[in-house]
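Subject: Structure handover and findings

Hello,

Please find the structure below. My notes on it follow.

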Amino acid sequence: MTQFNLATVAETVAAEFPDRPLIVHRGRTFTQGELVGRATRLASYLHAQGLGCHAERSQLAGHEVGQDLLGIYAHNGHEWLESMMGSYRARVAPFNVNYRYVHDELVYLLRDAGATALIYHAAFAPRVAEIRDELPALRVLLQIEDGSGNALLPGAVDYEEALAGASPEPPPVEPSPDDLYVLYTGGTTGMPKGVLWRQHDIFMSAMGGRPLGSTESVSSYEELVERVRAANPTRLLILPPLMHGAAQWAVYNCLAGGNAAIFPDTVEHLDPVDVVRTIEREKPIVVAAVGDAMARPIVDEIAKGTADVSSLFAWANGGAPLSPSLKQRILELLPHLFITDGMGSSESGAQMTHVSTSGNVGTGTFTPSPEACVVSAERDRLLEPGEDEQGWLAQGGWVPLGYKGDEAKTAATFPVIDGIRYSIPGDRARRRTDGAIELLGRDSVTINSGGEKIFAEEVEMAIASHPAVADVVVTGRPSERWGQEVVAVVALRPGSDATAEELCEHASTHIARYKLPKAVVFREKLVRSPAGKADYRWAKAQAEAEG
């Protein structure tokens, strides 16, 4: 089978379908051919700055890097995808920078990555100016004009000027399937970690090598082209920021499949009115979102009935749970829709799916990919379907090389069992008799209360189903009696009212009483990542402040 690299994937599809729309944003459409042309100029520029691959993968351990790393510090837009594609063509490894990070977090991230280059929106120029003297390795700065009014930083080069002045010919290097795809974890439960993938492996796992809904992997570039030719082009509205892995995977699936990725006009924050207007104007058939926090305001806007959203055929959810009560509401508004929950992680790629339709709403139990499995609690064997044992969700086959610079963590997360290397990021799971996988929850946010293990996500689902709740995150705090006690941090819907007792009584109809929160902390709004993921460190601080 052909070994793929992400640069050649883009160039191959663009060569055959140059006029296919790829990115649609703010009234402008960028075609496959146009974006590859711009990415090639960026690759030429980066190569001219001396950036590229300096040690081949065969010389390196899994946690080591032999390429320059380039941070992408930007809101969603065509430049994000160009930066990825251009970096790959120059054999530079791009990585995601969280645009909510402040000084210390940015310095930590860029130092950990050893970044030598940074592409950033001008809106973030003041932050870059604050940290650049603390990052002596950071020598190439490309600033994207965005109307913010911030001047070009000294030593930085305007992004468009760099492309205009660069050669349209690709640099004289050959991208390799061993070149890196780098994705930094969100850091909502600990410090961010750089996950290192071979490009071939992440392409097959999550970026188009096995098309969505298929179990058959692409075996050659020729087959990739034939699959694009045989399929009808579709349009996907992407709401999560591209600094979130699932959004990157969705865009690259559009690229590899000859489809169009649409961004709403407002990308600096979630604007539900703009999202619904974008659906009406651009007619996507799929909307990709993250959990209740992102979906709920959009559903509220759809419910007003002021816009035509009949083009939608599917709601793709990933990154955070979508509660059954909200799924039911979506399907009442749009009964023809089907809702897909995708399960995966930075360390595993795409792993499992669950589909809900009108009259058949569920959550928590997934159909696994051929490589997804459950291993024993001791991490020494695979659990067979029907073994009534709680284990770890795992992934075989295409898995990452390791965590950048962390040999010990790499060995712990990617163990070898019976001669096969697995990824075990830390989710608890059970393999059912029918082969489905029941997801129990992330071990790092499991609460041990009185000797009972309580999964935060399960309690969150129970409380989120109350009609007064706009958002909820569940965490643990120290307890003299229980060791840890369950605390729910809750934001109520505007104009709604509910007491802690009412919320717990409602939740008791869904979960055992020992799992109920010992306390409820009310906040006007909860802190989440821009992708909609719960910030458990923030929630824990709120719970302890009220203890």
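Arg-198 has a relative accessibility of 15% and counts as buried, because the cut-off for that class is under 20%. The model is a predicted one, and every value here is computed from it. Arg-198 pairs with Asp-178 in a salt bridge, with 2.6 Å between the closest N and O atoms. Arg-198 is in strand E9 (residues 194-198) and Asp-178 in the loop between H6 and E8, so the bridge ties together parts that are 20 residues apart in sequence. Unlike its buried partner, Asp-178 is partly exposed, at 29% relative accessible area.

Some salt bridges share partners: Arg-235, Asp-265, Arg-281 and Glu-282 are joined into one network in this way. Over the whole structure, the search finds 32 salt bridges.

Two further pairs are worth listing. The side chains of Arg-91 and Asp-179 form a salt bridge at 2.8 Å, N to O. This pair links distant parts of the chain, 88 residues apart: Arg-91 is in the loop between helix H3 (78-89) and strand E4 (93-96), and Asp-179 is in the loop between helix H6 (159-165) and strand E8 (180-184). Both residues of this pair, Arg-91 and Asp-179, are buried.

The other pair is Glu-268 and Arg-26, whose side chains meet in a salt bridge at 3.2 Å, N to O. Here 242 residues separate the partners, with Glu-268 in the loop between strand E11 (260-262) and H10, and Arg-26 in the loop between strand E1 (21-25) and strand E2 (28-31). Glu-268 is partly exposed, with a relative accessible area of 40%, and Arg-26 is also partly exposed, at 46%.

Next, the nonpolar cores. In soluble globular proteins, nonpolar side chains tend to be buried together. The largest nonpolar core in this model has 102 residues, and Phe-95, Tyr-181, Met-207 and Tyr-252 have the most contacts inside it. Helix H9 (residues 245-257) gives the most to this core, eight residues. A second core, separate from the largest, has 35 residues, including Ala-456, Val-520, Trp-538 and Ala-539.

What does Tyr-181 touch, leaving aside residues up to four places away in sequence? Its contacts include Leu-6, Met-84 and Tyr-88, as well as Val-195, Leu-196 and Trp-197. Also among them are Met-207, Gly-245, Gln-248 and Trp-249.

On pockets, I looked at the second largest, which has a volume of about 920 Å³. It is lined by 37 residues, of which Leu-270, Ala-293, Met-294, Pro-297 and Lys-525 are the closest to its centre. By class, the lining has 21 nonpolar, five polar and 11 charged residues. At least two lining residues come from each of helix H10 (272-282), helix H11 (291-303), strand E26 (469-479) and strand E27 (483-492). The largest share, six residues, is supplied by H11.

Last, a glycine. Gly-344 is found in strand E14 (residues 338-345) and is partly exposed, at 33% relative accessibility. Gly-344 touches Gly-349 and Gln-351, when residues up to four places away in sequence are not counted. Gly-319 is 25 residues from Gly-344 in sequence, and the two C-alpha atoms are 7.6 Å apart in space.

Regards

How values were computed. Residues numbered from 1 in each chain as written. Predicted model: local features only at pLDDT ≥ 70, side-chain atom pairs only at ≥ 80, totals over all residues. Heavy atoms only, no water. 1 Å grid on protein atoms, 1.4 Å probe; cavity = no way out; pocket = protein on both sides within 12 Å on 5 of 7 lines; lining within 4 Å. Points joined across faces, edges and corners; volume = space filled by probe spheres on them. Helix = DSSP H or I, 4+ residues; strand = E, 2+ residues; numbered from the N terminus. Nonpolar A, V, L, I, M, F, W, Y, C, P; charged D, E, K, R; others polar. Buried < 20%, exposed > 50% of the residue type's maximum accessible area, 1.4 Å probe, protein only. Contact = heavy atoms within 4.5 Å. Salt bridge = Lys/Arg side-chain N within 4 Å of Asp/Glu carboxyl O. Core = buried A, V, L, I, M, F, W, Y, C linked by side-chain atoms within 4.5 Å.
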